[in-house]
Amino acid sequence: MTEILDVHVLSAAILDELETLPGAHIHGITDRGRLDEHVPTVSFTWGKRHPREIAAALGAQGIYVWDGHYYALATVERLGLAGSGGMWCIGAVHYNTVDEIHRLGDALRAMA
């Protein structure tokens, strides 16, 4: 049986993986002491990489992320990202595991 993790552990694991990517920019809270202020969902951009390209490559590996504005159009516009494909959004829920998040990080680093 899979252990149910605290969503803050999952948020921290996502941030840990994304922070290893050269040129990645996390949009939102990264302070581990403030993780209780949001759900375990992290939006980021990665240099000049188009969000659709990376989302498709991850999807081919069975790793699913959102790309574009994912119903946060006003935010994407305010960040000046609407014309460049928006952002990626990675989300975890109580049944995800830290191992799955490490797999995501490995896949992203292989694309770096």
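A salt bridge here is a side-chain nitrogen of Lys or Arg within 4 Å of a carboxyl oxygen of Asp or Glu. Arg 109 and Asp 106 form one, with their closest N and O atoms 2.8 Å apart. The model is predicted: local features need pLDDT of at least 70, side-chain atom pairs count only at pLDDT 80 or more, and totals for chains, interfaces and linings use all residues. Residues are numbered from 1 along each chain as its sequence is written, and side-chain values use heavy atoms, with hydrogens and water left out.

**Salt bridges**

The structure holds 6 salt bridges. Side chains of opposite charge can pair when their charged atoms come close. Three of the pairs are listed here with their N to O distances.

| Basic residue | Acidic residue | N to O distance |
|---|---|---|
| Arg 34 | Glu 37 | 2.8 Å |
| Arg 52 | Asp 67 | 2.7 Å |
| Arg 109 | Asp 106 | 2.8 Å |

Burial is graded by relative accessible area: buried means under 20%, exposed over 50%, and partly exposed in between (1.4 Å probe, protein chains only). Helices (H or I, at least four residues) and strands (E, at least two) are DSSP runs, numbered from the N terminus.

Take Arg 34 and Glu 37, whose side chains meet in a salt bridge. Arg 34 is partly exposed, at 36% relative accessibility. Glu 37 is also partly exposed, with 47%.

Asp 67 and Arg 52 form another salt bridge. This pair links distant parts of the chain: Asp 67 lies in strand β3, and Arg 52 in helix α2 (residues 51-59), 15 residues apart. Asp 67 is buried, because its relative accessible area is 19%. Arg 52 is exposed, at 52%.

Arg 109 and Asp 106 both sit in helix α4. They are 3 residues apart, so about one helical turn separates them. Arg 109 is partly exposed, with a relative accessible area of 30%. Asp 106 counts as partly exposed too, at 47%. Elsewhere, salt bridges that share partners join Asp 16, Glu 19 and Arg 32 into one network.

**Helix α1**

Helix α1 covers residues 7-18. The expected span of a helix is 1.5 Å times one less than its number of residues. For the 12 residues of α1 that gives 16 Å; the end C-alpha atoms are 17 Å apart, which agrees. Its buried residues are Leu 10, Ser 11, Ala 12, Ala 13, Ile 14, Leu 15, Glu 17 and Leu 18. What covers them includes β1 (24-27), β2 (41-46), β4 (87-91) and α4 (98-111). Contact means heavy atoms within 4.5 Å.

**Strand β2 and its partners**

In β2, 5 of the 6 residues are buried, so the strand is largely enclosed by the rest of the structure. Two strands pair if DSSP finds at least two bridges between them. β1 and β2 pair in the antiparallel sense over 4 bridges. One bridge sets His 27 against Ser 43 of β2. β2 and β4 also run antiparallel, joined by 4 bridges. There, Thr 41 has Gly 91 in β4 as its bridge partner.

**Two tyrosines with positive phi**

Most residues other than glycine have a negative phi. Tyr 70 has a positive phi, near 35 degrees. For Tyr 71 phi is positive as well, near 70 degrees. Tyr 70 is in the loop between β3 (66-68) and α3 (73-78). Tyr 71 is in the loop between β3 and α3. Is Tyr 71 buried or exposed? Tyr 71 is exposed, because its relative accessible area is 84%.
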